[in-house]
Amino acid sequence: MRNVKKILVRDIIALFKNPFALLIAGGLCILPALYAWFNIYSNWDPYGNTKQIQIAVASNDRGYTRLDGSYVNAADSVIDALKENDSIHWTVTKTADPAVDGVRAGRYYAAVVFSEDFTECMYQGFLENLKRPTVAYYENEKKNAVATKITDTAVSTLENNINKQYISLVVSAFFDKQRTVAGQMETAEIAETILAKIKRADQTIENFSTVVRSLVKANDKLAAAFDSAGGDLSTIRGNLDSVAAGAENVPDTQALADRLNAANSQAVQSVSDALSQLKQAQKTDIETQKNAYYQHLAAHLTNAKGSLDSLINSLESLNVSTVNISQGIVLTQLENQSQTLENLIGRVGGGFSSEDPAFLAETERQLEQQVKSVQQALQTSVSQSLALLGSGLQQAASEIAQVAGNIGADIDLLDLILDNGKTTVELTNQGFSSMAKELDFISGKLDRLTETIREIEQAQMVQSILHFMQGSADAYGTFFAQPVSMKTEIVYPVENYGSGVTPFYTTLALWVGGVVLVSLIKVNARTDGLKDPKPHELFFGRYLLFLILALIQAAITVWGNFSLLHIQCLYPRRFLLAAFLTSATFSLLIYALTISFGDIGKAVVVVLMVIQIAGSSGTYPIEILPQFYQKLYIFFPFPYAINAMREAVAGTYEHDFTLYLLRLLLFAAAALVLGLFIRLPFRKFSRFIERRMEDTGMM
């Protein structure tokens with residue numbers, strides 16, 4: 001502790017021995033206070049001076065002539081009211097063009113232009129498709145960001161006033177007309193008027209009942225006619241069933257076509273296999289092998305002929321008149337090819353044994369040509385003929401199905417018409433019968449109602465309604481325009497905006513004061529003249545000077561807030577205590593960062609200040625700031641210092657003031673840990689950085 005005292009005394013003596021240094025130290029103590037005072041004063045009552053903000057107003061309203069001949073112009077009335085409102089500088093222009101051009105040029109922050117049919121819509125818009133009065137609003141957001149919020153509030157207030165006026169006019173006009181109706185009702189004989197109408201209604205019901213009974217009789221005759229038509233329909237249905245039975249003879253065309261094509265394909269495959277055996281026989285000269293190939297060749301030709309014979313049998317069993325021509329063509333082709341196959345089988349069935357190779361080769365060549373001819377015929381002409389035959393079969397089946405379907409549809413339609421007609425007549429008769437009973441019931445009710453009305457001597461409900469309808473139209477208009485009365489009760493009132501932002505700017509000024517101190521006063525104490533100084537003695541020895549100057553800064557700043565600016569503060573002593581603890585914590589934290597990391601620590605101090613200015617909820621609520629600040633701000637000292645001072649300015653809630661200060665002191669404890677322990681391993685690194693910066697000759 002002896003070294004700590006020696007360092008402090010030596011620093012104070014050095015200041016007083018050097019007037020220039022003492023003057024600079026005094027300036028360092030006053031500078032943060034000036035920063036706070038000027039900012040608080042500039043924000044003292046910004047919303048109380050909004051009368052200097054210019055908003056242009058122009059009207060294109062042509063007015064409206066009411067039914068009684070009087071002329072009104074609602075836009076002019078609104079503009080006259082705006083002239084009396086000094087919260088905003090409303091500038092009236094003759095036309096809309098100067099107002100809009102002024103907004104674009106920056107002469108006005110905003111402009112309001114009333115439409116041509118503004119008054120007409122006020123009086124007639126509710127009756128003509130709910131046509132609304134329109135007001136055009138032009139805003140220059142480039143001129144100033146905060147001013148636009150003020151103009152938005154002013155125009156929103158204007159809009160609410162216009163809406164209230166509009167509702168008041170509509171409701172007043174409605175009740176004004178109802179007063180006339182109520183007066184007419186009061187002067188007439190209400191009961192007699194109602195009885196006369198009931199009598200006319202009773203006579204109308206009686207006449208209608210007569211007509212209904214006549215319709216019931218006519219429906220009975222119509223039902224008998226439907227029964228007779230039903231017997232005729234049964235005879236027609238029997239004849240149509242005989243016609244529809246012919247549709248059952250239509251073959252399954254798709255299945256038949258598939259069978260015919262499959263048989264032809266099998267024959268083509270067998271011929272192709274026979275041709276393959278013939279080519280194998282042509283390649284060998286060994287008689288036994290050649291005869292074996294001939295036997296296979298004969299077997300394949302026999303299979304092909306069997307497929308063709310099966311195809312011929314299927315076609316001969318088909319009996320559809322619309323495809324007889326195609327059927328005959330296919331049969332002829334198949335029979336020709338079957339005969340050819342039979343001849344070929346006869347030639348190759350016994351094999352060949354000839355000693356003349358040339359004759360044998362020629363015979364095989366002719367045989368090959370005949371087999372290919374059969375193959376070609378089956379693949380082309382027979383296949384094409386089968387395709388035509390299949391198409392004809394499908395067309396025949398389609399025609400038969402269509403005829404059968406049309407017959408069935410006609411039968412069903414006739415049956416449905418008769419059934420529905422008969423059912424409709426029966427239901428109508430039931431309805432008419434029920435209606436006649438209901439009409440008789442209503443007639444009886446009207447008779448009893450007539451007796452009840454004649455017994456009423458005083459219609460109290462009617463009198464109450466008439467009394468309500470004859471009330472003041474203007475009073476009703478005022479009530480419906482603003483049916484809810486809002487009562488505002490301010491909790492923790494603050495006299496002006498300057499007092500509200502004092503905690504923020506005072507906190508910011510004390511941080512700036514700490515930054516200025518480490519910028520102009522060295523944080524490392526000299527070791528000459530000290531006896532075996534320890535790191536913590538050097539730390540506290542120089543920091544005590546920073547602490548004294550920081551407390552002086554806080555005292556001067558708070559004195560100016562109270563004595564010069566006269567801010568609202570319910571608890572001045574608590575405010576002073578919060579300022580002292582804030583200044584001590586800030587100076588300790590800034591000093592610890594600087595002595596631990598040198599110029600890098602100073603840079604960190606500036607970064608922390610920038611982040612806390614934007615995200616400490618000093619001016620804007622933390623809830624409207626980006627998520628980054630909402631999650632990070634609780635790890636910085638600004639919010640706790642600001643909230644503690646707010647408790648002193650506007651009023652405390654339970655133990656919040658103490659809790660904020662305790663949380664603030666946690667940062668002081670963290671600064672001590674940093675300055676006394678964490679910085680020790682980084683001392684060599686900090687000196688290395690400082691020497692490298694000095695080597696540049698600029699830092």
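**Close-up views of a predicted model**

**View 1. S617 and its backbone angle.** S617 sits in the loop that runs between α17 and α18 (627-632). The whole thing is a predicted model, so read each close-up with that in mind. S617 isn't a glycine, yet its phi is positive, at about 60°. Is S617 buried or exposed? With a relative accessible area of 14%, S617 is buried, because the cut-off for that label is under 20%.

**View 2. D532, another positive phi.** Here the residue to look at is D532, which has a phi near 45°, a positive value in a residue other than glycine. D532 belongs to the loop between α14 and α15 (535-563). Its relative accessibility comes to 56%, so D532 counts as exposed, the label used over 50%. Put side by side with the previous view, S617 is buried, whereas D532 is exposed.

**View 3. The salt bridge in helix α17.** The side chains of D599 and K602 meet in this view, with 3.8 Å from N to O. Which helix holds D599 and K602? They both lie in α17 (residues 599-615), three residues apart, or about one turn of the helix. D599 is partly exposed at a relative accessible area of 32%, and K602 is partly exposed too, with 28%.

**View 4. R62 and E116 across two loops.** E116 and R62 form a salt bridge through their side chains, at 3.4 Å from N to O. Why does this pair tie together separate parts of the chain? E116 lies in the loop between β5 (110-114) and α5 (118-124), while R62 lies in the loop between β1 (54-59) and β2 (64-65), so the bridge joins parts that are 54 residues apart in sequence. Both ends are partly exposed: E116 has a relative accessible area of 48%, and R62 has a relative accessibility of 48%. There's also a third member to look for, since R62, E116 and E120 are linked in a network of salt bridges.

**View 5. The D528 and R526 contact.** This close-up shows another of the six salt bridges that the structure holds. D528 pairs with R526, and the closest N and O atoms are 2.8 Å apart. D528 is partly exposed, with 44% relative accessible area. R526 also counts as partly exposed, at 46% relative accessibility.

**View 6. F114 and F118, ring against ring.** The structure holds 14 aromatic pairs. One of them is F114 with F118, an edge-to-face pair with 5.0 Å centre to centre and 75° between the planes. It earns the edge-to-face label because that angle is over 60 degrees. How accessible is F114, buried or exposed? F114 counts as buried, at 0% relative accessibility, and F118 is buried with a relative accessible area of 0%.

**View 7. W511 and F586, joining two helices.** This pair is also edge-to-face, with W511 and F586 at 5.0 Å centre to centre and 75° between the planes. What sets the scene is the sequence: the pair links distant parts of the chain, with W511 in helix α14 (residues 497-520) and F586 in helix α16 (residues 572-597), 75 residues apart. W511 counts as buried at 0% relative accessibility. F586 is buried as well, its relative accessible area being 0%.

**View 8. A cluster of five named rings.** Which residues form one aromatic cluster? Zoom in on F539, F540, Y543, F546 and Y591, which make up this cluster together.

**View 9. W44 meets G498.** W44 is placed in the loop between α2 (19-42) and β1. W44 and G498 are 454 residues apart in sequence, yet their C-alpha atoms are 3.6 Å apart in space. W44 is partly exposed, with a relative accessible area of 22%.

**View 10. The positive patch around R683.** R683, K684, R687 and R691 form a positive surface patch. One of these residues, R683, is found in helix α21 (residues 683-695). How much of R683 is accessible, in relative terms? The relative accessible area of R683 is 33%, so this residue is partly exposed. That value also fits the patch rule, because patch residues need over 30% relative accessible area.

Conventions:
Residues are numbered from 1 along each chain as its sequence is written. This is a predicted model: local features need pLDDT of at least 70, side-chain atom pairs count only at pLDDT 80 or more; totals for chains, interfaces and linings use all residues. Side-chain values use heavy atoms; hydrogens and water are left out. Patches are made of residues with over 30% relative accessible area and no salt bridge: like charges are joined within 9 Å, nonpolar side chains (Val, Leu, Ile, Met, Phe, Trp, Tyr) within 5 Å. Accessible areas come from the Shrake-Rupley method with a 1.4 Å probe; for residues, only the protein chains shown count as cover. A salt bridge is a side-chain nitrogen of Lys or Arg within 4 Å of a carboxyl oxygen of Asp or Glu. Lys and Arg count as positive and Asp and Glu as negative; His and the chain ends are not counted. The place of a charge is taken as NZ of Lys, CZ of Arg, CG of Asp or CD of Glu. Helices (H or I, at least four residues) and strands (E, at least two) are DSSP runs, numbered from the N terminus. Buried means under 20% relative accessible area, exposed over 50%, partly exposed in between (1.4 Å probe, protein chains only). Rings of Phe, Tyr and Trp (its six-membered ring) pair if their centres lie within 6.5 Å; planes under 30 degrees apart count as stacked, over 60 as edge-to-face and the rest as tilted.
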